[in-house]
Amino acid sequence: MHGGRKQVTYAVEEEEDAGERTSICKDCLPTTITKENWEFGVLGFYEVIKQPKMMCGWITGRAAKLMEETDEEEVALRCVSLLRKYLTDKYKIPDAVWCKRTMWGSNPWIRGSYSFRSVKTEFLGASASDLAQPLINSQNVPVVCFAGEATHDHFYSTVHGALES
C-alpha cells in the first residue's frame with residue numbers, strides 16, 4: 001500500500017464577477033505545508049465528466065491529512081481562493097455552493113492508501129487477479145469476495161479501477 005490522493009469536489013452557481021485576482025509564482029509557494037496553508041498542496045483541479053459546474057481537486061500527503069481536519073465550508077473557501085490566486089483576470093471564479101471531500105486518511109479501514117505494483121510483485125508473479133480471488137469455504141462457496149482498485153488488472157491505483165471492479 002502507498003500514501004494516497006484525496007479528493008475534494010465542489011460545485012458552483014452561474015458565473016458572477018469575482019473581483020480582482022492576482023497571479024502566484026513558484027517562489028511565492030510555502031516551503032512547509034501547515035494547517036494554515038494546506039491548500040498549496042493541491043495538485044490540481046479537474047473537470048467532472050458530465051458536470052460542467054463542478055470541479056474535482058487532488059491533494060496528497062501531509063496537506064491531505066491537514067485538509068481532513070478542516071471543515072468542508074473552509075475547504076471550499078480555500079479551494080476557491082487558490083483557484084483565484086492561480087488564474088488570470090480573464091477567468092471568473094464563482095464562490096462554491098457545495099463541497100464534499102474524502103476522508104481516506106482518517107478512515108481506519110483505508111488509512112489514505114492505495115495499491116501499487118512493485119518489482120517484488122512482478123518477481124513473484126503476483127497480479128491483481130490474484131487479489132480478486134474470493135476466499136472459499138470447505139463446500140467451495142465464496143465466503144469473502146474482494147473488490148477495489150487493487151483487484152483491477154489494468155486500472156489499479158485509480159478510482160475508476162475501483163469503480164469497475
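**Asking why in a predicted model**

Guide: The protein chain exposes about 11,300 Å², with carbon and sulfur atoms supplying 56% of that area. Accessible areas here come from the Shrake-Rupley method with a 1.4 Å probe, and for residues only the protein chains shown count as cover. This is a predicted model, in which local features need pLDDT of at least 70 and side-chain atom pairs count only at pLDDT 80 or more, while totals for chains, interfaces and linings use all residues. Residues are numbered from 1 along each chain as its sequence is written, and side-chain values use heavy atoms, with hydrogens and water left out.

Visitor: What makes up the protein chain, in helices and strands?

Guide: The protein chain has five helices and eight strands. Both are DSSP runs numbered from the N terminus: helices are H or I runs of at least four residues, strands E runs of at least two. Read from the N terminus, the order is β-β-β-β-α-α-β-β-α-α-β-β-α. Of the contacts in the protein chain with a separation of 6 or more, 65% are between residues 24 or more positions apart; contact means heavy atoms within 4.5 Å.

Visitor: Why is cysteine 79 called buried?

Guide: Buried means under 20% relative accessible area, exposed over 50%, and partly exposed in between (1.4 Å probe, protein chains only). Cysteine 79 has a relative accessible area of 1%, so cysteine 79 is buried. Cysteine 99, at 10%, therefore counts as buried too. Across the 165 residues of the protein chain, buried residues make up 29%.

Visitor: How do you know how many disulfides there are?

Guide: A search of the whole structure finds zero. The test for a disulfide is a pair of cysteine sulfur atoms within 2.5 Å. For cysteine 79, the nearest cysteine sulfur belongs to cysteine 99 and is 6.2 Å away, so cysteine 79 is in no disulfide. Chemically speaking, a disulfide is a covalent bond between the sulfur atoms of two cysteines.

Visitor: What makes glutamate 39 and arginine 78 a salt bridge?

Guide: A salt bridge is a side-chain nitrogen of Lys or Arg within 4 Å of a carboxyl oxygen of Asp or Glu. The closest N and O atoms of glutamate 39 and arginine 78 are 3.1 Å apart, so the pair qualifies. Glutamate 39 lies in the loop between strand E2 (5–12) and strand E3 (42–48) and arginine 78 in helix H2, so the pair ties together parts that are 39 residues apart in sequence. Both residues are buried; for arginine 78 the value is 16%, which is why arginine 78 gets that label.

Visitor: Which residues are linked with Arg78 in a network?

Guide: Glu39 and Glu74 are linked with Arg78 in a network of salt bridges. The side chains of glutamate 74 and arginine 78 meet at 3.1 Å, N to O. Both lie in helix H2, four residues apart, about one turn of the helix. At 30% relative accessible area, glutamate 74 falls in the middle class, so glutamate 74 is partly exposed.

Visitor: Why do glutamate 72 and lysine 100 count as a salt bridge?

Guide: Their N to O distance is 3.9 Å, so the pair passes the cut-off given above. Glutamate 72 in helix H2 and lysine 100 in strand E5 (residues 96–101) are 28 residues apart, and the pair links distant parts of the chain. Glutamate 72 is at 24% relative accessibility, so glutamate 72 counts as partly exposed. Lysine 100, at 46%, is therefore partly exposed as well. By this rule the count of salt bridges comes to five.

Visitor: What makes the link between threonine 70 and tryptophan 38 a polar contact?

Guide: A polar contact is a pair of N or O atoms within 3.5 Å; within protein, one must be able to donate a hydrogen and the other to accept it, and residues adjacent in sequence count only if both atoms are side-chain atoms. The side chains of threonine 70 and tryptophan 38 are joined at 3.2 Å, so the distance fits. Threonine 70 sits in the loop between helix H1 (61–68) and helix H2 (72–86). Its relative accessibility is 9%, so threonine 70 counts as buried. Leaving aside neighbours within four places in sequence, threonine 70 is in contact with Trp38, Val75 and Arg101.

Visitor: Why is valine 143 called exposed?

Guide: Valine 143 has 54% relative accessibility, so valine 143 counts as exposed. Valine 143 lies in strand E8 (residues 142–144).
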